[in-house]
Amino acid sequence: MADHTKKSDKAWDAARLPDLTGRTAVVTGANSGIGLTASDALARAGAHVVLAVRDPERGRAAAAKVSGSTEVRRLDLADLSSVREFADGWQGRPLDLLINNAGVMMLPRQRTADGFEMQFGTNHLGHFALTNLLLPYITDRVVTVSSTAHRWFGARIRFEDLDFASGYDPQRAYAQSKLANLLFTLELQRRLTESGSPVRALAAHPGYAATNLQSHAGNPVMRALMKVGNRFFAQDDRAGALPTLYAATQDLPGASYVGPDGLAEMRGTPTLVGRSAAASDAAVARRLWTVSEELTGVGAPVGQAGRAARVDAER
Ligand SMILES: NC(=O)c1ccc[n+]([C@@H]2O[C@H](COP(=O)([O-])OP(=O)(O)OC[C@H]3O[C@@H](n4cnc5c(N)ncnc54)[C@H](OP(=O)(O)O)[C@@H]3O)[C@@H](O)[C@H]2O)c1
């Protein structure tokens with residue numbers, strides 16, 4: 001396997017994607033920002049891309065901008081019945097690539113349909129349930145989009161108060177949800193390895209990319225600051241999608257974390273990046289997995305990863 005830890009390849013961009021003809025990818029939050037750009041790049045490389053979006057009409061408008069084979073399917077990660085409906089509708093097709101990209105950031109306090117704090121519920125629990133429900137069909141890998149925000153305020157998983165019921169802080173809640181994305185990847189890969197599955201779980205982060213993400217912050221001062229940041233510091237969504245595409249297609253070890261190689265990982269070319277100590281804590285990752293199973297009611301068929309798809313293909 002190539003050593004990706006030495007230095008990043010400055011020339012790497014979406015034009016360097018391998019031929020993905022015959023492969024199927026699901027991208028959550030594919031109607032906007034990094035999800036839309038990543039979908040376009042995957043489809044241009046030949047993949048059939050399923051745009052998993054909460055508003056099918058906006059999904060179809062987005063699909064019209066994608067060059068290649070697409071399909072739009074409804075998925076609201078903030079509603080576990082929608083996640084189950086999406087998975088039920090998958091109907092045993094092999095799925096090469098699941099990209100857990102959708103996300104919300106720093107919203108004013110809101111709850112999901114199932115009563116969870118919105119950022120943890122959407123960014124982590126929705127993807128946790130989706131991944132485990134689709135796992136029997138996944139043949140290659142799961143890429144989950146995290147953030148450098150997983151380090152904010154020395155973030156940790158607040159098992160005693162996951163929902164911030166004792167006092168909501170939108171920044172800390174976002175940081176917790178993005179830390180959960182990394183811990184989920186760590187534990188998923190551990191379970192895949194333990195069961196002898198060839199499926200890989202990886203994580204990526206886009207650095208700082210100007211997208212719609214920054215427009216939902218409840219705090220007007222934060223929104224104004226991010227508007228300035230988007231204008232002067234951020235890279236565009238095309239560059240922001242590169243770490244996701246790199247994690248999705250390059251020969252990297254399971255549990256790898258890919259981000260931009262520039263100053264403070266804000267921009268640049270994809271490379272392997274570090275994570276906080278909290279994001280490397282295997283015991284916390286296991287505990288989060290158990291709690292997520294309890295909260296979502298979705299158990300993990302990890303030993304089954306890819307099995308249904310293989311049986312289906314052999315028929
Ligand atoms: N942009 C950055 O600088 C940055 C930095 C670090 C990490 N990230 C991460 O990158 C990922 C993509 O964000 P982005 O920057 O591309 O932002 P974006 O343009 O706002 O895209 C987010 C996508 O997530 C979708 N989404 C939100 N809630 C959903 C739900 N309940 N069910 C299904 N889809 C839902 C949105 O759909 P709607 O259009 O319907 O709202 C949208 O398609 C996120 O995970 C984010 O945390 C971004």
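**View 1. Ala-264 is an exposed residue in a loop of this predicted model.** With a relative accessible area of 58%, Ala-264 counts as exposed (over 50%, whereas buried means under 20% and partly exposed lies in between, with a 1.4 Å probe and protein chains only). Ala-264 belongs to the loop that connects β7 with β8, where helices (H or I, at least four residues) and strands (E, at least two) are DSSP runs numbered from the N terminus. The phi angle of Ala-264 is near 55°, a positive value in a residue that is not glycine. Because the model is predicted, local features need pLDDT of at least 70 and side-chain atom pairs count only at pLDDT 80 or more, while totals for chains, interfaces and linings use all residues. Residues are numbered from 1 along each chain as its sequence is written, and side-chain values use heavy atoms, with hydrogens and water left out.

**View 2. Gln-91 lies in the loop between α3 and β4.** Here too the backbone takes a positive phi, near 55°, in a residue other than glycine. Gln-91 is exposed, and its relative accessible area is 67%.

**View 3. An open sheet is built from eight strands.** Read across the sheet, the strands follow the order β3-β2-β1-β4-β5-β6-β7-β8, and their pairing is mixed (two strands pair if DSSP finds at least two bridges between them). The edge positions are taken by β3 (70-74) and β8 (270-272), each of which has a single partner strand, so one side of each is left without a neighbour in the sheet.

**View 4. Strand β1 has β2 and β4 as its parallel partners.** β1, which covers residues 24-28, pairs with β4 in the parallel sense over three bridges, and with β2 in the parallel sense over five bridges. Val-26 of β1 can be followed in both directions, since it stands opposite Leu-98 in β4 and has Val-50 as its bridge partner in β2. Five of the five residues of β1 are buried, so this strand is largely enclosed by the rest of the structure. Thr-24, Val-26 and Thr-28 point one way from β1, whereas Ala-25 and Val-27 point the other way.

**View 5. Residues of β1 take part in lining the largest cavity.** Thr-24 and Ala-25 contribute to this lining together with Leu-20, Arg-23, Ala-47 and Leu-97 (a cavity is a set of points, on a 1 Å grid, where a 1.4 Å probe fits but cannot get out, and lining residues have an atom within 4 Å of a point).

**View 6. The largest nonpolar core holds 47 residues, and Phe-86 and Leu-134 have the most contacts inside it.** Such a core joins buried Ala, Val, Leu, Ile, Met, Phe, Trp, Tyr and Cys residues through side-chain atoms within 4.5 Å. Two or more of its residues come from each of β2 (48-53), α3 (80-88), β4 (95-100), α4 (118-134), β5 (138-145), α5 (170-194), β6 (200-204) and α8 (282-296). The largest share, eight residues, is supplied by α5.

**View 7. Leu-134 is shown with the residues that it touches, among them Phe-86.** When residues up to four places away in sequence are not counted, Leu-134 touches Phe-86, Ala-87, Trp-90, Leu-95 and Leu-98 (contact means heavy atoms within 4.5 Å). Apart from the largest core there is a second, separate core of 34 residues, including Leu-36, Ala-38, Ala-45 and Ala-247.

Conventions: On a 1 Å grid over the protein atoms alone, a cavity is a set of points where a 1.4 Å probe fits but cannot get out, and a pocket is an open set with protein on both sides within 12 Å along at least five of seven lines; lining residues have an atom within 4 Å of a point.
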